[in-house]
Amino acid sequence: MEVVIVPDAKAGGELIAEGIAGLLRRKPDALLGVATGSTPLPIYDALISQVRSGAVDASRARIAQLDEYVGLPAGHPESYRSTVLRQVVQPLGLPESSFMGPDGSAEDVQAACEAYDRQLAEAGGVDLQILGIGTDGHIGFNEPYSSLASRTRIKTLTEQTRIDNARFFDNDIEQVPHHVITQGIGTILEARHLVLLATGEGKAEAVAQTVEGPVAAIVPASALQLHPHATVVVDEAAAAKLKHADYFRHTYANKPAWQGI
Ligand SMILES: O=P(O)(O)OC[C@H]1O[C@](O)(CO)[C@@H](O)[C@@H]1O
């Protein structure tokens, strides 16, 4: 696992967008796994700027959703499908057909989850998966104690996550669904490159446990330690509880220039 400490969220977004641009230059039809929430927005802003300036061609990129609420009406503005369309797919000028995600309104949710895992595999697998992290260490919507081998499935949100996400629902927790579909941790670990961005002091404890703690289901993001190519990008505030911050800074500062993230 590589840990990169950047000054702020904007720098983190630019660094990761540069990594995505490099991937798209090598593989124009790369399958990019995207996360929602506030954290990845600087990544999308930077990537959209690169595309609009002509620095990178994303016209053949494909986009895969990480998770989804269950039970929101189709087209609800806070469904993750609507969110990814608005924040990523449309600004990149991609057709909706380039975008895949689990069906949160399916009658048979379990079948929809299994179908999504098959769809990801048939698409050749995710090349680069962007991840955020919950204050409780969740990735996607894999809450603490999720199986580290889990596949895409329905999960029940913790109260804390519903409180955290109420800001997207008029600060009304009653509007936040209890259930979600999320790529499982085993599914996420199949992506070729995992890139987790964490910003702000509220993520510092989860980051420290993810990077320096044991691999444990209570901190789902700690499963990144098992991945052969995982990059954790943190701003100074989110790095505040890392005991080995100096080591990570030294290692990154001395990284060969030709190695991107
Ligand atoms: O980036 P935020 O808004 O803090 O959210 C953190 C994480 O929580 C989720 O939004 C799910 O609650 C993830 O998709 C995200 O990575």
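## Around glycine 137

Two residues are in contact here when their heavy atoms come within 4.5 Å. With that in hand, we can start on a tour of this predicted model. Leaving aside residues up to four places away in sequence, Gly137 touches Ala206, Val219, Pro220 and Ala221. Glycine 137 sits in the loop between β6 and β7 (153-156), and it is buried, with a relative accessible area of 0%. Along the chain, glycine 137 and alanine 217 are 80 residues apart, yet their C-alpha atoms are 9.7 Å apart in space.

One of those partners, Ala206, brings us to helix α7. In this helix, which spans residues 204-212, the buried residues are Ala204, Ala206, Val207, Ala208, Thr210 and Val211. Their cover includes three strands, β1 (2-6), β9 (193-198) and β10 (230-235), along with helix α8 (245-253).

## How α1 and α2 pack

A pair of packed helices is described by the angle between their axes and the distance between the axes. For helix α1 (residues 9-26) and helix α2 (residues 41-53), the axes come within 7 Å and cross at roughly 50°. Angles from 35 up to 65 degrees are neither roughly parallel nor roughly perpendicular, so α1 and α2 are oblique to each other. Their crossing is right-handed.

Which residues meet in this pairing? From α1 come Ala9, Lys10, Gly13, Glu14, Ile16, Ala17, Glu18, Ile20, Ala21 and Arg25, and from α2 come Pro42, Ile43, Ala46, Leu47 and Gln50. Sorted by class, the contact holds nine nonpolar, two polar and four charged residues.

## The nonpolar cores

The largest nonpolar core has 33 residues, and those with the most contacts inside it are Ile16, Ile20, Leu32, Val34, Ile63 and Ile130. At least two residues of this core come from each of β1, α1, β2 (31-34), α2, α3 (80-89), β6 (128-131) and β9. The largest share, six residues, is supplied by α1. Two of the best-connected members, Ile16 and Ile20, also take part in the contact of α1 with α2.

Val34 gives a closer look at this core. Not counting residues up to four places away in sequence, valine 34 touches Tyr44, Ile63, Ala64, Gln65, Leu66, Val84, Val88, Gln129 and Ile130. Apart from this core lies another, of 32 residues, with Tyr116, Leu120, Leu242 and Ala245 among them.

## Isoleucine 185 and its surroundings

Is isoleucine 185 buried or exposed? This residue of helix α6 (residues 185-188) is buried, with a relative accessible area of 0%. Beyond residues up to four places away in sequence, isoleucine 185 touches Asn142, Ser146, Ser147, Leu148, Ser150, Pro220 and Ala223. Pro220 is also a partner of glycine 137. Isoleucine 185 and threonine 231 are 46 residues apart along the chain, and 16 Å separates their C-alpha atoms.

## Two positive phi values

If you like checking backbone torsions, have a look at two loop residues. Tyrosine 145, in the loop between β6 and β7, has a phi near 80°, a positive value in a residue other than glycine. Tyrosine 145 is exposed, with a relative accessible area of 60%.

Aspartate 170 is found in the loop between α5 (159-165) and β8 (179-182). Its phi is near 55°, again positive in a residue other than glycine. With a relative accessible area of 64%, aspartate 170 is exposed.

Definitions and conventions: Residues are numbered from 1 along each chain as its sequence is written. This is a predicted model: local features need pLDDT of at least 70, side-chain atom pairs count only at pLDDT 80 or more; totals for chains, interfaces and linings use all residues. Side-chain values use heavy atoms; hydrogens and water are left out. Buried means under 20% relative accessible area, exposed over 50%, partly exposed in between (1.4 Å probe, protein chains only). Helices (H or I, at least four residues) and strands (E, at least two) are DSSP runs, numbered from the N terminus. Axes are lines fitted to C-alpha atoms, for helices over the stretch in contact, and angles run from 0 to 180 degrees between N-to-C directions. Angles under 35 degrees count as roughly parallel, over 145 as roughly antiparallel, 65 to 115 as roughly perpendicular and the rest as oblique. A crossing is left-handed if the near helix is turned anticlockwise from the far one by less than a right angle, and right-handed if clockwise. Ala, Val, Leu, Ile, Met, Phe, Trp, Tyr, Cys and Pro count as nonpolar, Asp, Glu, Lys and Arg as charged, and the others, Gly among them, as polar. A nonpolar core is a set of buried Ala, Val, Leu, Ile, Met, Phe, Trp, Tyr and Cys residues joined through side-chain atoms within 4.5 Å.
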